[in-house]
Amino acid sequence: MTRQIIIGGGALGLSVACHLAERGSQDILLLERNQLMSGASWHAAGIVGPLRATPNMTQLALYACELFPRLESITGLSTGYRQTGGYWLARQPERMDELHRIAALGQHLGLAAEIVNTQTVMDSVPCLNLNGHAGAMSVAEDASVNPVDLCLAYARAAKDKGVVIRENSTVSDIMVANGVATGVQLEDGTTIAADTVILCAGAWSKPLARRAGLELPLQAVEHMYVVTEPLAGNNRPFPVVRDLDTGIYIKGDSGNKLIIGGFEPDAKCWDAFSAQGDRPFLELPEDWEQFQPFMQAALDLIPGLENTGIQRFMNGPESFTADTRPLVGEAPEVDGLYVAAGMNSVGIMSSAGIGRALADWITDGYPPMDLWEVDIARIDPATASDAHMRQRMRESVSDLFAMHWPYKQPVAGRGLRKSCLHDYWAAQGAVFGLTAGWERGLWYAKEQSGREFNYSVGVQPWHKIAQQEAAELCDGVCLVDLSPLSKFELSGADACVFLQQLVCSNCDIAIGSTVYTQVLNDRGGIEADITITRFSETRFRLSSGAASRWRDKQLLRKRSRNYTVTIDDVTEDEAVIGVMGGGATRLLAQLSDTDWSQFAFSTSQLVQIVGISVRATRLSFVGECGWEFNIPCDKAGDLFEAFIGAGAKPLGHYAVDACRMEKGYRHWGHDTGPQISPLVAGLGFTIDWHKEFTGKQALLDERGKGCSQRLCLFEVSGDPLILHDEPILEAGRVIGLTTSGAKGVRVSKTLAFGLVNIASGESSAQTQQRKFEIKVAGACYPATVLLNPPYDPTGERMRP
């Protein structure tokens, strides 16, 4: 049996079916509870906007521009695809910073994106009133498509390739046995077996997933647009116009009509499982009170609308996610169950790229590109609660067009995950922010003037505070909140053998030793960045980043199938405090009889501090002498108070990140990932070539022929704000993108990691001799490759 069952006959489900068949799948069954496209697809606005905020999302979106015209030639059916071009409008001057960044990314990826002045836009679209606007970005590839025609073309293409489509077939449950999806049960009790189940039911996906053991942070809301009467004087194809700072979009419709819609704050939640939720082609009641701000914004933008009637008010359900990113991939706890849902109102456009990517993922067993941004394995199950999702809809929908300030923090739906030391950090003045779903102190300030989130596209207001915090590291002691780090206990007769195969470093180490290492895939890419400590012959502790907890857990579970091991997630069983700084040894000696001066780096042992038994591990992510202490939650507060009482000060998350940049430490998910090998990332020192491990052959091949890319640490002149994905240029040509950046807090340098193309056999010294620039918000800044980290390059401060 090789049957693949797709649940949902909207644009996404149909696209997945087409692409699976294109990849050679022979037994595909698509089940639709009502009629094809009768859920949300039929009433979509049909905007095709290929330029997104990141390279991977743009590459996914770009495929629509290729596929939609091709579907017409394949099927003989029109999709209504029409390239009209488009404009992104900015009212706030700061918004231009964002548009400059996105335009540069688009140009690098082959799009005709450029910054233009308002007069240029008004010359092109005379009906627009742009008085008061700061500028705009034009994108020639913006387009529109007819959602109904597109779905019909998808269906024809799928059927022509042998896909069986059954309408009026409601799936009541996804069948799961021993953590594996085995098929579906229909509403009439019929069961259909399958090797793979793909859930593409949009807003209706959540309960099916939940009953199968997967939590999806999805919420349906009432999403509205109006269709006008023909606009007088509009005799040409109307471009896609996004007036970002008012939250509205406008696109042309047939017969010189316009479609006007928007993304509102305080979106109205809708229950997809109410009595009316099963109605096909559902239209919800008109709500002019909710829509009025958008209509007024459109009237301000196009004064001629005052004399133009409204032909139709469309209000239909659309599903949004907690972080406004799609939910795609294999369920972390259920093998063979895949999802493509939560497209945040761009499902028609996304159906092409997401459909192909998921089909490739299912067929090949791994994603065709780095899909961490959309991977459902990023999801904390706690975010899927109905109460939390209702809170998030206060801002999640409007976030799509709202100003994307650097370091912006969400407001709605906070406080889901707090460490057991949360109140203790708060008492020290923590200004909390969300990092990987946890509330952590971004910086510390007790005066109200230092606690405000004053967002900026330039120098960050909190930077001076972060510098002051980091200054304490020189001779004093800082406390770092490390409790959110993912922690897994691995035990069993095969524990060591399993780890030896899992990671690229030698894990058959002495009891009490710690090793930093990488988990690789068969292609040599980095799937996880972890620290392993050996507790006994058969027991190990694995620690990884907070954001990758559910993904790492899935990885460990899958890789350990043929080994006698037990894996326990102990992330929330303990608090973890980092005690770092030049005075750490002196402070700890006041509180404990342990000889801290003889405590070797990369070792771990149980110690007593003020009478509390804790595990101490000699490590440092900030490049100073320090230890990480794992403490039972019921004792953590007492130890925290002891550290504070002895003179330690808190170090915020922003300062920590700047410190890791100053030391050249890589961050998985930003600087490394599944498409980047340790050799490319400068982590070759973690590889033990004398043992076997997953990905070794790929690394041997890469070492033999030479790497084509190198992750470099840059010092950037001119003090720009480096975030990520800024183009790196050489002689005016883009040869890479940045992966992360920060303004130093100890060396006061602007630093960036970036992945650049190199010649085969090119040495690091040769790369350093090249002349680079980094383009940030429309301006180019000289950038120099650093062969050594700028702070304490020899590591002396970490090993006093």
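Which residue in strand 11 does Val176 stand opposite? Hi everyone, let's find out together. What we have on screen is a predicted model. In it, Val176 faces Ala181 of strand 11.

Let's look at the sheet around that pair. Strands 10, 11 and 12 make an open sheet in the order 10-11-12, and the pairing is antiparallel. Strand 10 (171–177) and strand 12 (191–193) sit at the edges with a single partner strand each, so one side of each has no neighbour in the sheet. From one strand to the next, the twist averages 30°. If you trace strand 10 and strand 11 (residues 180–186), you'll find six bridges joining them.

Now for another open sheet. Here three strands follow the order 3-8-4, again with antiparallel pairing. The edges are strand 3 (47–48) and strand 4 (82–83); each has a single partner strand, so one side of each is left free of a neighbour in the sheet. Strand 3 pairs with strand 8 (residues 143–144) through two bridges, and Val48 has Ala143 in strand 8 as its bridge partner.

Let's finish with the cysteines. A disulfide is a covalent bond that links the sulfur atoms of two cysteines. How many disulfides does a search of the whole structure find? The count is zero. For Cys18, the nearest cysteine sulfur belongs to Cys151, 10 Å away. Cys18 is also buried, because its relative accessibility is 6%.

And why does Cys420 have no bond to Cys633? Their sulfurs are 3.1 Å apart, which is too far for a bond, because a disulfide needs the two sulfurs within 2.5 Å. Cys420 counts as partly exposed, at 35% relative accessibility. Thanks for listening!

Key:
Residues numbered from 1 in each chain as written. Predicted model: local features only at pLDDT ≥ 70, side-chain atom pairs only at ≥ 80, totals over all residues. Heavy atoms only, no water. Buried < 20%, exposed > 50% of the residue type's maximum accessible area, 1.4 Å probe, protein only. Pairing = 2+ DSSP bridges. Helix = DSSP H or I, 4+ residues; strand = E, 2+ residues; numbered from the N terminus. Axes fitted to C-alpha atoms, helices over the stretch in contact; angles between N-to-C directions.
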